[in-house]
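Trainee: I'm new to this structure and I'd like a close look at a single part of it, the largest pocket. Could you walk me through that part and what sits around it?

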Amino acid sequence: MMTRRLLQLFTGLAMYGISLAMFIRAGLGLDPWDVFHQGVANRTGLSIGVVVIVVSFLVLLLWIPLRQRPGFGTLCNAVLVGVFADIGLALIPPVSLLAGQIVLLGGAIVLNGIASACYIGARFGPGARDGLMTGLARRTGWSVRLSRTLIEVTVLAIGWLLGGSVGVGTVVYALAIGPLVHVLLPRFMVPAAPPKAASKTAPANC
């Protein structure tokens, strides 16, 4: 079971990074957090993978007042998504034809959904950004949906002001990713370990 969980975690994170590269090469708009990452990368000259890693660890600092604890998967997520995003950008050439951009965008959304289901289903802890959302909801009493909306609208606006790519892909991603992960997650969710059976031998009286 542990072998499957680790394999699923690392595969999911690699696919997530590659899907980010596909979104960028499609050129039709990014998801809110990646609009922010791209905007920061444009302003700093850093690669988007490096920006993803740096932002991940900065977001983890926000976990401290929320009393969130990172898991093994949280730390892997913080590093590997950015690494594989840069690898993907090195391997995937820019696409100029609209038909190719649409195909690449569709593939990116599907791959991102599979990747999300893989790393969430591995049960090694949420990513830094997901943990910020759930931690904020827990500490404030807000719904997870409201917390997510406030965070993503904020980073989207900042990213757009910094020059990140907002477009039809941003809208399609927002509408498609939730239902897609909802359908895929049960297929990738690793069953929780069953509780140890209680001993059938009654304890001796003192």
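Mentor: Let's start with a word we'll need: a residue is buried when its relative accessible area is under 20%, exposed when that area is over 50%, and partly exposed in between. By that yardstick, 43% of the 206 residues of the protein chain count as buried. Keep in mind that this is a predicted model.

Before we get to the pocket, here's the overall picture. The protein chain has 8 helices and 0 strands, so to read its pattern along the sequence you simply say α-α-α-α-α-α-α-α. Its C-alpha trace spans about 80 × 35 × 30 Å along the principal axes. Among contacts with a separation of 6 or more, 82% come from residues 24 or more positions apart.

Now for the pocket itself. The largest pocket holds about 1000 Å³ of space, and 35 residues line it. If you want to find its centre, look for Asp130, Arg148, Glu152, Tyr173 and Ile177, the lining residues that lie nearest to it. Two or more lining residues come from each of these elements: α1 (2-26), α2 (32-44), α3 (48-66), α4 (72-91), α5 (98-121), α6 (128-140), α7 (144-161) and α8 (168-188). The most generous of them is α7, with 8 residues. As for the character of the lining, it divides into 19 nonpolar, 9 polar and 7 charged residues.

One of those central residues, Tyr173, leads us on to the aromatic rings. There are 5 aromatic pairs in the model. Two things describe a pair of rings: the distance of the centres and the angle of the planes. Take Phe23 and Tyr173: their ring centres are 5.6 Å apart and their planes meet at 80°, so this pair is edge-to-face. Phe23 belongs to helix α1 and Tyr173 to helix α8, so the pair ties together parts that are 150 residues apart in sequence. Both of these residues, Phe23 and Tyr173, are buried.

A second pair worth finding is Phe72 with Phe124. Here the ring centres are 5.5 Å apart and the planes are at 70°, so this one is edge-to-face too. It links distant parts of the chain, with Phe72 in helix α4 and Phe124 in the loop between α5 and α6, 52 residues apart. The two partners sit in contrasting surroundings: Phe72 has 43% relative accessibility and counts as partly exposed, while Phe124 has 12% and counts as buried. Add Phe10 and you have one aromatic cluster, made up of Phe10, Phe72 and Phe124. Phe124 also has a charged residue over its face: Arg5, at 4.1 Å from the ring centre. You'll find a similar arrangement at Trp33, where Arg129 lies over the face of the ring at 5.3 Å from its centre.

Let's go back to α7, the helix that gives the most to the pocket lining. Ser147 is in this helix, and with 0% relative accessibility it counts as buried. Leaving out residues up to four places away in sequence, Ser147 touches Met133, Leu136, Ala137 and Trp142. Follow the first of those names and you arrive in helix α6, where Met133 is found. Met133 counts as buried as well, at 10% relative accessibility. Setting aside neighbours within four places in sequence, Met133 is in contact with Val144, Ser147, Arg148 and Ile151. Arg148 should ring a bell, as it is among the residues nearest the pocket centre. To get a feel for distances here, you can also compare Met133 with Gly178: they are 45 residues apart in sequence, and their C-alpha atoms are 15 Å apart in space.

Finally, two spots in the loops have a backbone detail to look at. Most residues other than glycine have a negative phi. Arg67 goes the other way, with a positive phi of about 60°. Arg67 is in the loop between α3 and α4, and its relative accessible area of 64% makes it exposed. Arg123 also has a positive phi, near 65°. That residue is in the loop between α5 and α6, and at 41% relative accessibility Arg123 counts as partly exposed. The loop that holds Arg123 is also where you met Phe124.

Note on methods
Residues are numbered from 1 along each chain as its sequence is written. This is a predicted model: local features need pLDDT of at least 70, side-chain atom pairs count only at pLDDT 80 or more; totals for chains, interfaces and linings use all residues. Side-chain values use heavy atoms; hydrogens and water are left out. On a 1 Å grid over the protein atoms alone, a cavity is a set of points where a 1.4 Å probe fits but cannot get out, and a pocket is an open set with protein on both sides within 12 Å along at least five of seven lines; lining residues have an atom within 4 Å of a point. Grid points are joined across faces, edges and corners, and a volume is the space filled by probe spheres set on the points. Helices (H or I, at least four residues) and strands (E, at least two) are DSSP runs, numbered from the N terminus. Ala, Val, Leu, Ile, Met, Phe, Trp, Tyr, Cys and Pro count as nonpolar, Asp, Glu, Lys and Arg as charged, and the others, Gly among them, as polar. Rings of Phe, Tyr and Trp (its six-membered ring) pair if their centres lie within 6.5 Å; planes under 30 degrees apart count as stacked, over 60 as edge-to-face and the rest as tilted. Buried means under 20% relative accessible area, exposed over 50%, partly exposed in between (1.4 Å probe, protein chains only). A charge sits over a ring if NZ of Lys or CZ of Arg is within 6 Å of the ring centre and within 35 degrees of the ring normal. Contact means heavy atoms within 4.5 Å.
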